[in-house]
Amino acid sequence: MATDDHTVRLDPDTYSVLESEAGRRNVPLDALAGELLRERLAETSGEEGTPERMRAALAALSAIRAQVKGPVDAIRLVREGREELERRSLRWPSS
Amino acid sequence: MALVVDASLVVALATDAACGQMIAERFGEWAEVGEELHAPALLPYEAASALTRLIAAGQLAGEVLPEAWAAIGRAPISYHALSDGAGAVELALRLGATAPTTPRTSSLRSSSTPSSGHSTARSRAMRLSAGCPCA
């Protein structure tokens, strides 16, 4: 496969895991990175159409919903998060 | 048609037993008819904040977090970074935005006001409303 040089910045932990897995498999690090990316991207956006992906996502979300205890007000949750962010921003000293 | 979804819808899908199923049905319908879902890149941060609050309140077990986060990430929503802030502000003002919060009166409200810098002539903003009968 023809290749081009590109730069992808990874955090040290991710790089370390990738490097050690490439060593274990005895393959070049960039080849392993490409293989893993292609596999993962095919899972999330490849052959599956949007309705199928949506159905899978909704089933997974439903399973999470069933594990939440007590009533949840999603609007309040999001609003409080936004208000907290706003308060934190207001506390930042101006330069 | 493109729909811009608010974080409250995604949070409700993941956590709200009362409204989640109704929203799931709408999301399913949108996917079936080819509606594209879009959201500001801020949405995952808002979802993370909501999950944090639920775990802190003891309503969601911390062990469920990876599964919950993965489920949210699986939803076919296109996220958009704000690349043209000035354009977004001008557009919001032109559409009549005057305050950061506006009264919400319907259960799944459709609005022509964009909630992010992403908007097209054929897009609608969808959010869960405080008047939702199941909220």
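## Exercises on a predicted two-chain model

Chain B has a mean pLDDT (the predictor's confidence in each residue, from 0 to 100) of 81, and 76% of its residues reach 70 or more. This is a predicted model, in which local features need pLDDT of at least 70 and side-chain atom pairs count only at pLDDT 80 or more, whereas totals for chains, interfaces and linings use all residues. Residues are numbered from 1 along each chain as its sequence is written, and chains are lettered from A in the order in which they are written.

**Exercise 1.** Determine which elements of chain B have the lowest and the highest mean pLDDT, and locate stretches where pLDDT stays under 50.

*Solution.* Begin with the elements, where helices (H or I, at least four residues) and strands (E, at least two) are DSSP runs numbered from the N terminus: strand E4(B), residues 108–111, has the lowest mean, 60, and H1(B) the highest, 96. Next, pLDDT stays under 50 over residues 101–107 of chain B, for which the model has 12 contacts beyond four places in sequence (a contact being two C-beta atoms, placed from the backbone, within 7 Å). Over residues 112–121 of chain B the pLDDT is likewise below 50, although this stretch has 32 contacts beyond near neighbours in sequence. Where pLDDT is low, the predicted coordinates should not be read in detail.

**Exercise 2.** Describe how H1(B) and H2(B) pack, and name the residues in contact.

*Solution.* First take the geometry: H1(B), residues 7–15, and H2(B), residues 20–32, pack at an angle of about 115 degrees with their axes 8 Å apart, the axes being lines fitted to C-alpha atoms over the stretch in contact and the angle running from 0 to 180 degrees between N-to-C directions. Then list the residues: Leu9(B), Ala12(B) and Leu13(B) of H1(B) meet Gly20(B), Ile23(B), Ala24(B) and Phe27(B) of H2(B). Finally, sort them by class (Ala, Val, Leu, Ile, Met, Phe, Trp, Tyr, Cys and Pro nonpolar; Asp, Glu, Lys and Arg charged; the others, Gly among them, polar), which gives six nonpolar, one polar and no charged residues.

**Exercise 3.** Characterise the side of chain B that touches chain A.

*Solution.* Start with the count, in which 35 residues of chain B are in contact with 26 residues of chain A. Elements giving two or more residues to this side of chain B are H1, H2, H3 (43–56) and H4 (65–74), and the largest share, seven residues, comes from H1(B). By class, this side of chain B divides into 23 nonpolar, six polar and six charged residues. For the complex, the predictor gives an ipTM of 0.74 and a pTM of 0.69.
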